[in-house]
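The following exercises are to be worked through with the sequence and the structure at hand. Each task is followed by a solution in steps.

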Amino acid sequence: MQEQEKKEFLEKSRMKRILQWMLYRGGKMIKDQFLNFLVWRSRTISDKHFVMILSLLVGFFCALAALLLGFIINHIHEFVRTSFDRDDLNYLYLATPMIGILFASLYVRCIVKDDISHGVTKILYAISQNKAIIKVHNMWSSVIASSLTIGFGGSVGAEAPIVLTGSAIGSNLGRLFNLQRKTMMLLVGCGAAGAVAGIFKAPLTGVIFTLEVLMLDLNMSSIVPLLISAATAAVCTFFFTGNSSSMFEFTPDPFQLERVPYYILLGVVCGFVSLYFTRGMSKLESFFASLDTPLKKFMAGALLLGVLIFFLPPLYGEGYDTISYLLNNQVDMVTQNSVFYDFRNNSYMLLLFLVLVVFFKIFASAATNGSGGTGGIFAPSLFMGCVSGYITAYLLNFSGVAKLPEKNFALAGMAGVMSGVMHAPMTGTFLIAELTGGFGLFLSLMITATIAYITILTFEPHSLYAMRLAKKGELLTHHSDNNVLTLLELDKIVETDLRELRPENTLGDVVEIIKTYNRNFFPVLDRDGRMVGVLNLDEIRNVMFRTEYYDVYTVSKLMNNGELPHVVRTDSMVKVMQIFEKTKLWNLPVFEEDGRYAGFVSKSKIFSTYRDMLVALSDD
């Protein structure tokens, strides 16, 4: 290998710091060997084929991460169960979620020193705005923080943190091997698919989640790495656990055609529960964000969570025990250790209890994350869907309208609420089928999930994951034109080489500049760097060759100084193009956020860059 070639490769490497660290820790020989391998790989193996090898590694590492997360959570759960007596509603037991949140919060603030919440939103941002780059620490930081949070009883799920972990593994493997942006995006998707497949033992759901929730538009050749990653993660999980059964034991009643109208009704109910979940969580997150100190957030969240768990014990932890009880018609077990247990045979009190559990679940989840914990909304949405489905069937049976199997509707409710919250009906359908082995009720799941999705779509165009990015115009969607525009960065196509004029400059000054200037307009700035007008050469041609006017006219008299359409440097490219279309202009001034002039952006430059980006994202 030629030294110059390796040097150039290192300079272009996305992981230059890691290679330099290898040199520091392992010596020049290790770095040279790795560089030799990278150069050899780039010569002999295309990215398209190499990504299949990497997808296998991503799936394996995702399975290990999921197993480690589950192992830590289960052992912390076991420690808590054996340390305190839950049957007596021990107050120390109710305080354990606060302990977990405190540990997780201190870990994030003092060790990680970065925000690791909203895992799926971070993945969407990385794909849309950050060249599919996810920070290295995300490969382990979310695992530790969410283990502490959930293990001690935080009312959230482990799935979003492990998805962020898996995507970070894919992203950083891509950076290590200096892969192109489109390949990096695919590896991020492989990580997400492998993480979902590993933690749920659901390989089909892993692939569908990546396509539907992360909104990657891929062709058939690109789907193969997703399949490899998901299958590898699922197989590894089965191998290490020695258990090939589904996550929940469930024996469904057979599907009956006459129940279809009730599944449609359930879909509508789940759609509105999803809407409550989405808007409620958004408002509660805003409330906790408004608290100005970590101590206030912790005190408010920990107190709220402790009170809720005291009166409604099913809100403790992920809620998978409650799901198992309802899927097996053991509703009495759901009320144990609560003040409602003595009234478990009273239908009205049982319904009130279940409704309160659904209503306050988002408060418990928001309090967990808002006070410093780390967790996701997978498990809360499954929990609320299961209880909502059970309530719907129980009400219909109690009122004498129909005779329905509550456990079937609890299962379908899980698919419905998850589909509504994530705006992902296929993910909800396949996940519930794979979690329970309930493929015999696949049609019921499809109906409920689809109706729930249609219902919430009427009120909310984006999922809870995507809502934050959509408001900023930073979301990658299945709209191909918007996708390419979203990936473009205004900051990189701003033209700053235009000659600037002052209002006091004379026409003679302008004519001298024109001799070496190839543009037909000038930005006119005041002494504070703010644009006060534009001088267009087409509008002064009638005087620019009249020498007697060279010292008579100043730029302030010749320029256009009305209210100028402009864009701000932080605007999305989608918004920039909307302004271009509205104004019918070919050039727009770009301002800094404080109003100072930054440059110009031209429609022709956007079209050129758009074409380059489109080619870069296309397959070879």
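**Exercise 1: The surroundings of a serine**

Determine which residues are in contact with serine 171, leaving aside its neighbours within four places in sequence.

Solution. Step 1: apart from those neighbours, serine 171 is in contact with Ala132, Ile133, Ile134, Met184 and Val188, where contact means heavy atoms within 4.5 Å. Step 2: serine 171 is found in helix H8; helices (H or I, at least four residues) and strands (E, at least two) are DSSP runs, numbered from the N terminus. Step 3: serine 171 counts as buried because its relative accessibility is 0%. Buried means under 20% relative accessible area, exposed over 50%, and partly exposed in between, with a 1.4 Å probe and protein chains only.

A note on the source: this is a predicted model, in which local features need pLDDT of at least 70 and side-chain atom pairs count only at pLDDT 80 or more, while totals for chains, interfaces and linings use all residues. Residues are numbered from 1 along each chain as its sequence is written, and side-chain values use heavy atoms, with hydrogens and water left out.

**Exercise 2: Two helices that cross**

Describe how helix H4 (residues 47-83) and helix H8 (residues 159-176) cross.

Solution. Step 1: the axes of H4 and H8 come within 9 Å and cross at roughly 150°. Axes are lines fitted to C-alpha atoms, for helices over the stretch in contact, and angles run from 0 to 180 degrees between N-to-C directions. Step 2: the crossing of H4 and H8 is right-handed; a crossing is left-handed if the near helix is turned anticlockwise from the far one by less than a right angle, and right-handed if clockwise. Step 3: H4 contributes Leu54, Leu57, Val58, Phe61, Cys62, Ala65, Ala66 and Leu69 to the contact, and H8 contributes Ile162, Thr165, Gly166, Ile169, Gly170 and Leu173. Step 4: an α-helix has 3.6 residues a turn, so residues three or four places apart point the same way. Step 5: by class, the contact of H4 with H8 has eleven nonpolar, three polar and no charged residues. Here Ala, Val, Leu, Ile, Met, Phe, Trp, Tyr, Cys and Pro count as nonpolar, Asp, Glu, Lys and Arg as charged, and the others, Gly among them, as polar.

**Exercise 3: An arginine of H4**

State whether arginine 81 is buried, partly exposed or exposed.

Solution. Step 1: arginine 81 has its place in helix H4. Step 2: its relative accessible area is 44%, so arginine 81 is partly exposed. Step 3: from C-alpha to C-alpha, arginine 81 and phenylalanine 152 are 9.8 Å apart in space, although 71 residues apart in sequence.

**Exercise 4: The largest pocket**

Find which helix supplies the largest share of the lining of the largest pocket.

Solution. Step 1: the largest pocket holds about 1100 Å³ of space. On a 1 Å grid over the protein atoms alone, a cavity is a set of points where a 1.4 Å probe fits but cannot get out, and a pocket is an open set with protein on both sides within 12 Å along at least five of seven lines; lining residues have an atom within 4 Å of a point. Grid points are joined across faces, edges and corners, and a volume is the space filled by probe spheres set on the points. Step 2: 41 residues line the largest pocket, and the closest to its centre are Asn74, His77, Met247, Glu318 and Tyr320. Step 3: the largest share of this lining, eleven residues, comes from H4. Step 4: by class, the lining of the largest pocket has 18 nonpolar, 16 polar and seven charged residues.

**Exercise 5: The cavity**

Establish how many cavities of 30 Å³ or more the structure holds.

Solution. Step 1: the structure holds one such cavity. Step 2: about 160 Å³ of space lies in the largest cavity. Step 3: of its 18 lining residues, the closest to the centre are His118, Gly119, Gly375, Gly376 and Ile377. Step 4: helix H6 (119-129), H8, H12 and H21 each give two or more residues to the lining of the largest cavity.

**Exercise 6: An enclosed helix**

Explain why H14 is largely enclosed by the rest of the structure.

Solution. Step 1: H14 is largely enclosed because six of its eight residues are buried. Step 2: these buried residues are Tyr320, Thr322, Ile323, Tyr325, Leu326 and Leu327. Step 3: what covers them includes H8, H9 and H15.
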